[in-house]
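Please look over the sequence and the model together before reading on. The paragraphs below move from the whole chain to its sheet and then to a single pair of strands.

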Amino acid sequence: MPSTDAVEYLAGGEPGPFGAGQRDFKFAQNLQVQRFKVTAKTSSYSLLESDSGGLFTTTGASGAVTFTLPAVSGSAGLNYWIFNTVDQNIIISGPTDTLVVKNDAAADSLTHDTSNEKIGHSFFCVSDGSKWLVFNFAFAGATAGTIAT
């Protein structure tokens with residue numbers, strides 16, 4: 001079934017090209033905009049389960065900021081977006097041997113400390129229930145960061 005059929009079906013109509021049914025508009029009206037909860041951290045912080053789905057920045061930090069991920073047991077699906085907005089080091093830390101990062105399936109932390117490459121660097125961290133999958137987003141040509149195992 002093409003994706004337009006799925007939209008029509010979810011809107012309560014019969015499958016067909018999007019726009020062919022009268023319920024398309026009603027479905028579109030019921031869509032809600034999801035917003036990230038954005039929180040600035042100026043010092044090290046241990047992320048909580050209740051923080052999942054949030055965006056954390058380093059706005060206002062005058063030194064390195066470490067974000068510590070929770071235990072992986074029972075955390076499947078928890079996720080955090082971490083974005084460096086200042087020229088300070090940023091560290092993602094987790095329980096021993098639980099971070100999966102570039103070429104390391106059992107890292108303890110990931111530090112981004114390359115001069116002139118700190119601002120705009122970000123990480124998206126998702127737990128699969130046994131590991132923290134750390135997506136390292138850097139601009140073209142940026143270094144990967146320092147991985148500690």
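What does the accessible surface of the protein come to, and what share of it belongs to carbon and sulfur atoms? In this predicted model, the accessible surface is about 8500 Å², and carbon and sulfur atoms account for 54% of that area. Of the 149 residues in the protein, 36% are buried, where buried stands for a relative accessible area under 20%.

The secondary structure comprises two helices and twelve strands, and if one follows the protein from the N terminus, the elements run α-α-β-β-β-β-β-β-β-β-β-β-β-β, with the two helices thus preceding the strands. As for the contacts between residues at least 6 apart in sequence, 54% of them join residues that are at least 24 apart.

Turning to the sheet, one finds that seven strands form an open arrangement with mixed pairing, and that their order across it is β1-β3-β5-β10-β11-β7-β8. Its edges are formed by β1, which covers residues 38-40, and by β8, which covers residues 104-107, each of them pairing on one side only. From one strand to the next, the twist averages 25 degrees.

In general, the strands of a sheet pair through backbone hydrogen bonds, and they do so in either a parallel or an antiparallel sense. Within the present sheet, strand β7 (residues 99-101) and strand β11 (residues 132-137) are paired in the parallel sense, over two bridges. To locate this pairing in the model, one may start from Leu99, whose bridge partner in β11 is Trp132.

Conventions
Residues are numbered from 1 along each chain as its sequence is written. This is a predicted model: local features need pLDDT of at least 70, side-chain atom pairs count only at pLDDT 80 or more; totals for chains, interfaces and linings use all residues. Side-chain values use heavy atoms; hydrogens and water are left out. Two strands pair if DSSP finds at least two bridges between them. Helices (H or I, at least four residues) and strands (E, at least two) are DSSP runs, numbered from the N terminus. Axes are lines fitted to C-alpha atoms, for helices over the stretch in contact, and angles run from 0 to 180 degrees between N-to-C directions. Buried means under 20% relative accessible area, exposed over 50%, partly exposed in between (1.4 Å probe, protein chains only). Contact means heavy atoms within 4.5 Å. Accessible areas come from the Shrake-Rupley method with a 1.4 Å probe; for residues, only the protein chains shown count as cover.
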